[in-house]
Amino acid sequence: MNELPSKPLPLQDHETRHHGAFDPNYERHFRAVSQPIYQTSLFAFRDFDDMANAYAGNPGGPIYARGDNPTVMAFEREIARLENTQASRAFASGMGAISATVMALVEPGDRIVTVHNVYSDAYRLFETMLRPMGVAIDYVDGTKTDAVIDAISGAKLLFLESPTSLTFELQDLENLAQAAKQKNVITVIDNSWATPVFQRPAEHGIDLVIHAASKFLSGHSDTVAGVVTGRKDLINKINGSTFPYLGGKLGPFEAWLLLRGLDTLELRMQRHAQTGEYLAASLTQHPKVSQVLYTGFSDHCGKRTLHGHSSLFSIILDKTVDIRNFSNALRTFRLGVSWGGPESLVVPAAAVLHQKYEISAFRHFQLDPQLVRIYCGLENPSDLLADLEQAIGAGVTS
Ligand SMILES: *Cc1c(COP(=O)(O)O)cnc(C)c1O
């Protein structure tokens, strides 16, 4: 309980980041320290043979930016470096990355296994698009490693999210990856919560790692983007199907914003971790908080692969706290669903999200009505705690 986040993973190899080894175009870019934004849709050929060669399968560079763009390629290389993977592909959103990945790898008749409380729009993708196309989806309690291993026999793909981003259950990445490999099941994880600063799933055998780059990677609440990184053969499958033909590519300006965000990722994550730990620990002492769903307090073995805890967690408020009055009393925290930027956010999850969760199979989202998700941004930690305390006070009914 209550232990400080362990040391973040060593991240930045600034030498390769800023010199030719990282950026093959370094000299051509006048040794600019910030990546140029290639705001272009197409790249012309030198002559007929150059063009004929490109279409014979030796492109020698980007052709048209629905495929590759140099600024986006710089972001893709950087993600592969941070996650220690072979290749990446960026997308216009986190859901773009999730849908393109899953749809490139499964076909009608296949089965996906995923976890209870998986990200809600991933769930909706599975239920509203994939199930009607003849893909089976099974939901299992991701904390129960043996149950997951049983469930993946004969499945095509295991889709993980450790921790889940509303109720924060962990999964045992090492053992699940190993079992999946033996059973020939592809493993995919949504690693948006941890970022490569706190968890690098590919180093534990996970095949593909997805980020909603809109969150911590961007870090400034100004970009919607996604990325998948991992095994080259699987990225090639995505590159040969869903990426070009569904067309969800990332724009060069967004890629540039993401590269800028990545420059401060490690620094921001350390601050988020400190603030999250401070708030979570303080809230466990609060008489009107009945539970704090914070990974730092978990004793699940999925914690082994975490090198720190980010600042997104949930609390369950006592029944005497009115969620509407609590929400309306917040001053520093704002009400909003995303996270990863500088501003702290609260989602009165069950109270407002439940109305949307109507698909009958959505029984996995039977949230406690008093559950509130907390995201700690970069403000002063004491101000944040004081704000929550006064809002809880204002919400007490009698
Ligand atoms: C936001 C989010 C996504 C989706 O990302 P978008 O960029 O909004 O499409 C996926 N997974 C998690 C955990 C998220 O929080």
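**Around the ligand, and one aromatic pair**

Reader: How many residues surround the ligand?

Author: Welcome! Keep in mind that this is a predicted model. The closest residues are Gly94, Met95, Asp190, Ser214 and Lys215. Counting the whole surrounding group gives 14 residues.

Reader: Which classes of residue make up the shell around the ligand?

Author: Charged residues are there, three of them. The shell also has four polar residues. The remaining class is nonpolar, with seven residues.

Reader: Which helix gives the most to the shell around the ligand?

Author: Look at residues 94–105, which supply three residues of the shell. That stretch is helix 4.

Reader: What lies 2.6 Å from a nitrogen atom of the ligand, and how much of the ligand does the protein bury?

Author: The partner of that nitrogen is an N or O atom in the side chain of Asp190. An oxygen atom of the ligand is likewise 2.6 Å from an N or O atom in the side chain of Lys215, and a backbone N or O atom of Gly94 lies 2.8 Å from a ligand oxygen. Taken alone, the ligand exposes 380 Å², and the protein buries 89% of that.

Reader: Where does the ligand sit?

Author: Follow the ligand into the protein and you can see its place for yourself. The ligand sits in the largest pocket.

Reader: How far apart in sequence are the parts that Phe216 and Tyr375 tie together?

Author: The whole structure holds nine aromatic pairs. Phe216 and Tyr375 form a tilted one, 6.0 Å centre to centre with 55° between the planes. Phe216 lies in the loop between strand 6 (208–212) and strand 7 (226–230) and Tyr375 in strand 12 (residues 371–375), so the pair ties together parts whose separation in sequence is 159 residues.

How values were computed:
Residues are numbered from 1 along each chain as its sequence is written. This is a predicted model: local features need pLDDT of at least 70, side-chain atom pairs count only at pLDDT 80 or more; totals for chains, interfaces and linings use all residues. Side-chain values use heavy atoms; hydrogens and water are left out. A residue is near a molecule or strand if one of its heavy atoms lies within 4 Å of it. A polar contact is a pair of N or O atoms within 3.5 Å; within protein, one must be able to donate a hydrogen and the other to accept it, and residues adjacent in sequence count only if both atoms are side-chain atoms. Accessible areas come from the Shrake-Rupley method with a 1.4 Å probe; for residues, only the protein chains shown count as cover. On a 1 Å grid over the protein atoms alone, a cavity is a set of points where a 1.4 Å probe fits but cannot get out, and a pocket is an open set with protein on both sides within 12 Å along at least five of seven lines; lining residues have an atom within 4 Å of a point. A molecule sits in a cavity or pocket if more than half of its atoms lie within 2 Å of its grid points. Helices (H or I, at least four residues) and strands (E, at least two) are DSSP runs, numbered from the N terminus. Ala, Val, Leu, Ile, Met, Phe, Trp, Tyr, Cys and Pro count as nonpolar, Asp, Glu, Lys and Arg as charged, and the others, Gly among them, as polar. Rings of Phe, Tyr and Trp (its six-membered ring) pair if their centres lie within 6.5 Å; planes under 30 degrees apart count as stacked, over 60 as edge-to-face and the rest as tilted.
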